[in-house]
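This report reads a structure through its contacts, charges and burial. Start with the model itself.

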Amino acid sequence: MPAQGRDGLQADCVLFFSPKDRKRVEEITQHAVDSSAGTESERGEIEVEMRARKQEMLDDVLRFAANRRLCRRTMLLRHFGERALACGVCDVCVERGQAQQ
């Protein structure tokens, strides 16, 4: 996906993704919960909340990677609470015929 770096020059961004990555990351996030604080009951609640949040974050990344409909720049900016028009240079824009001339 062409982009501009901080120097203003065109740069490329490459996303490496495989659907098999989901299972691997889910296993990692299920085991990566710190349960050292509070009572056993509090730790249980914290673990449930943390796992749910990590699953939401993983789902967001997977939606971004699997996306073939929305401009990737638009999706990224929405994630951070900003709005933007289609960029015209990402793989999705190019495939949908929205490429900049």
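## A pair in helix H2

Arg53 and Glu56 sit three residues apart in helix H2, so about one helical turn separates them. The two form a salt bridge. Their closest N and O atoms are 3.3 Å apart. The model is predicted.

How accessible are the two partners? Arg53 has 41% relative accessibility, so Arg53 counts as partly exposed. Glu56 counts as partly exposed too, at 45%. Both values fall between the 20% limit for buried and the 50% limit for exposed.

## Other salt bridges

How many salt bridges does the structure hold? The total is nine. Some of them share partners: Arg68, Arg72, Asp91 and Glu95 are joined in this way into one network.

Helix H2 spans residues 40-66 and also holds Arg51 and Glu47. These two are four residues apart, about one turn of the helix. They form a salt bridge, with the closest N and O atoms 3.7 Å apart. Arg51 has a relative accessibility of 28%, which means that Arg51 is partly exposed.

Helix H1 covers residues 21-31 and has a pair of its own. Asp21 and Arg24 lie three residues apart there, about one turn of the helix. Their salt bridge has closest N and O atoms 3.4 Å apart. Why does Asp21 count as partly exposed? The relative accessible area of Asp21 is 21%. Buried requires under 20%, so Asp21 falls in the partly exposed class.

## Rings and charge

How many aromatic pairs does the structure hold? The count is zero. A pair would need ring centres within 6.5 Å, so no two rings of Phe, Tyr or Trp meet that limit.

One ring does have a charged residue over its face. Arg72 lies over Phe64, at 5.3 Å from the ring centre. Arg72 also belongs to the salt-bridge network with Arg68, Asp91 and Glu95.

## Buried residues

Which residues make up the largest nonpolar core? The members are Cys71, Cys87, Cys90, Val92 and Cys93, five residues in all. Cys71 touches each of the other four: Cys87, Cys90, Val92 and Cys93. Cys71 touches Ala86 as well. These contacts leave out residues up to four places away in sequence.

Thr74 lies in helix H3, residues 72-79. Is Thr74 buried or exposed? The relative accessible area is 9%, so Thr74 is buried. Beyond residues up to four places away in sequence, Thr74 touches Ala84, Leu85 and Ala86. Ala86 thus appears in the contacts of Thr74 and in those of Cys71.

## The chain overall

Four helices and two strands form the secondary structure of the protein chain. What order do they take from the N terminus on? The elements run β-β-α-α-α-α.

The protein chain has 101 residues, and buried residues make up 18% of them. The chain exposes about 8,000 Å². Carbon and sulfur atoms supply 54% of that area. Take the contacts between residues at least 6 apart in sequence: 27% of these join residues at least 24 apart.

Definitions and conventions: Residues numbered from 1 in each chain as written. Predicted model: local features only at pLDDT ≥ 70, side-chain atom pairs only at ≥ 80, totals over all residues. Heavy atoms only, no water. Phe/Tyr/Trp six-rings, centres within 6.5 Å; stacked < 30°, edge-to-face > 60°. Lys NZ or Arg CZ within 6 Å of the ring centre and 35° of its normal. Buried < 20%, exposed > 50% of the residue type's maximum accessible area, 1.4 Å probe, protein only. Contact = heavy atoms within 4.5 Å. Salt bridge = Lys/Arg side-chain N within 4 Å of Asp/Glu carboxyl O. Core = buried A, V, L, I, M, F, W, Y, C linked by side-chain atoms within 4.5 Å. Areas by Shrake-Rupley, 256 points an atom, 1.4 Å probe, with all protein chains shown as cover.
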